[in-house]
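Student: I would like a close look at a single part of this model, the space around the ligand, together with the other empty spaces in the protein. Please take it slowly and keep the description connected.

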Amino acid sequence: MVRTQPQSKRTRRPELEFPPGFLWGTSTSSHQVEGWNRQNDWWAFEQKKGNIRDGTKSLAACDHFNRFAEDFDLAHSLHQNAHRLSLEWSRLEPREGHWDDAAFDHYRQVLEALHQRGMTPLVTLHHFTNPTWLTRHQGWETTRVVEAFSRYTERCVEAFGDLVEYWCTINEPMIYVVMGYFLKQWPPAVIRPDLGFRVAANMLRAHACAYEIIHETAKQRPKVGLAHHIRLFDPANPTSPLDINAARIQDYFLNGLITSALRYSTLFPPLGFFEHLPCSSMPMDYFGVNYYTRDLVAFDLTQTETLCGRNFPAPGAELQMFGWESYPEGLYRICMEAKAYGVPIIITENGIPDNTDRQRPRFLEQHLTALHRAIAEGSPVIGYFHWSLLDNFEWAEGFEPRFGLIGVDYATQERTVKASARIYAEICRRNGLS
Ligand code: FCB
């Protein structure tokens, strides 16, 4: 399946070589690939007309719940040595306090399947979806969730701790908040910034508790972090104090609130009034970064939704679907800045919506070149997980945008290895690129 290279190329060392043992993988999340996750809030949300832009519902998604072994065979044949997935809370705890043994067996098989293929799992506990019983109790809006998430974490670590070295507690707290409580596009689809800040604070509290629990429960010495979405905001006019401030404000809300909470174990306003998180040390053993794009920001009083900034891609830049700018330099900048946190960095997501696979090869090469440059300049990056292994259900966008290295025909569930997957496979195999 993977193109073989002539011998001379095979043995030549890549010019841009990554550190030994570098984790090369892809990311997925349960609801986006598994299929039939009927007991979570997203399933309920999809049933309402108009909530999903292209009118699709997740339904069988990629049927990955049944096809995980074949999908991992593909990933393995493409020389990936790691894989990020998420556990579906609503399968494991379909009713509050009721644990489903069959679901626990299933995920053990999934994790064992990765080990059998020599692939390191990175396991996310919460990737946007909530069990419906939790939604009935106001989801993440009350501190009650901290206890519920702690219990769930403990169960998972007891069940899977021997198979997991890298835990990711929560995926992208601020994206969850912005989409659900500011932009009204994801459940619970309200405009309630006050609740949104409460949710972000609870996610950070729950993260800190989970951090402690995982370390207390796991027999091995796991590494625990969360996946933080970083979108860069640069002033449209770098000499304009108004543009500079408009960009800084967005950067503070979307990026800074989470990084400062993690670095100083403290909730800063508006998340909290310098409240210390419930953990005894900095609650991150690695810094997980999800990076996609950047915006230029011009001061504009009419743009209240984006805190008085008008956002747009850099003129002349290569654009992707959704109007996102391809900005590989951003990955370099983020990794250089995160050096200061003093922990290893893992790129937990980076990818492109590209339905024809025409842009993805260049995207990969440019972003990995930028990543290599950061490593060469001392940034402690230890892994890269491309989003995504498979085309999948892209939340409120439905199935339309295709992020996969492997294409999925949703009618037949047939998989097709795209050209970009082969390019990535060569990079993984050689542990670098030329
Ligand atoms: C990230 C999400 C992931 C996927 C990609 C495209 O923000 O974590 O689930 O939707 O974007």
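Student: Which element gives the most to the lining of the largest pocket, and with how many residues?

Tutor: The model is a predicted one, and in it α9 gives the most to the lining of the largest pocket, contributing five residues. That pocket has a volume of about 1300 Å³, and of the 46 residues that line it, Ile175, Val178, Met179, Leu183 and Arg231 are the closest to its centre. Two or more lining residues come from each of α9 (173–182), α10 (193–217), β6 (223–235), α11 (241–264), β9 (287–299) and β10 (309–312). Sorted by class, the lining of the largest pocket divides into 24 nonpolar, twelve polar and ten charged residues.

The ligand sits in this largest pocket, where it is surrounded by 13 residues, the closest being Gln32, His127, Asn171, Glu172 and Glu394. The shell around the ligand, taken by class, has five nonpolar, five polar and three charged residues. For individual contacts, a polar side-chain atom of glutamate 172 lies 2.6 Å from an oxygen atom of the ligand, while for glutamine 32 the corresponding distance from a polar side-chain atom to a ligand oxygen atom is 2.8 Å. Tryptophan 395 also takes part, with a polar side-chain atom 3.1 Å from an oxygen atom of the ligand. Of the 300 Å² of accessible area that the ligand has on its own, the protein covers 95%.

The second largest pocket has a volume of about 390 Å³, and its lining is made up of 21 residues, of which Leu232, Asp251, Asn255, Glu337 and Tyr341 lie nearest its centre. The elements that give two or more residues to this second lining are β6, α11 and α12 (329–337), and here α11 gives the most, with ten residues. By class, the lining of the second largest pocket has eleven nonpolar, four polar and six charged residues. Two elements therefore deserve attention when the pockets are read together, since β6 and α11 appear in the list for the largest pocket and again in the list for the second largest pocket.

Apart from these open spaces, a search of the whole structure finds one cavity of 30 Å³ or more, and the volume of this cavity is about 90 Å³. It is lined by 13 residues, and those closest to its centre are Glu34, His64, Leu85, Tyr107 and Val110. The elements α2 (30–33), α4 (64–77), β3 (82–86) and α6 (101–116) each give two or more residues to the cavity lining, which by class has six nonpolar, six polar and one charged residues.

Some backbone details can be placed beside elements already named. Proline 187 and proline 188 are joined by a cis peptide bond with omega about 5°, and proline 188 is found in the loop between α9 and α10, two elements that also contribute to the lining of the largest pocket. Another cis peptide bond, again with omega about 5°, joins proline 269 and proline 270, and proline 270 is found in the loop between β7 (266–267) and β8 (275–276). Finally, alanine 61 has a positive phi of about 45° although it is not a glycine, and this residue lies in the loop between α3 (41–46) and α4, the latter being one of the elements that line the cavity.

Notes:
Residues numbered from 1 in each chain as written. Predicted model: local features only at pLDDT ≥ 70, side-chain atom pairs only at ≥ 80, totals over all residues. Heavy atoms only, no water. Near = heavy atom within 4 Å. Polar contact = N/O pair within 3.5 Å; in protein donor to acceptor, adjacent residues only side chain to side chain. Areas by Shrake-Rupley, 256 points an atom, 1.4 Å probe, with all protein chains shown as cover. 1 Å grid on protein atoms, 1.4 Å probe; cavity = no way out; pocket = protein on both sides within 12 Å on 5 of 7 lines; lining within 4 Å. Sits in = over half its atoms within 2 Å of the grid points. Nonpolar A, V, L, I, M, F, W, Y, C, P; charged D, E, K, R; others polar. Points joined across faces, edges and corners; volume = space filled by probe spheres on them. Helix = DSSP H or I, 4+ residues; strand = E, 2+ residues; numbered from the N terminus.
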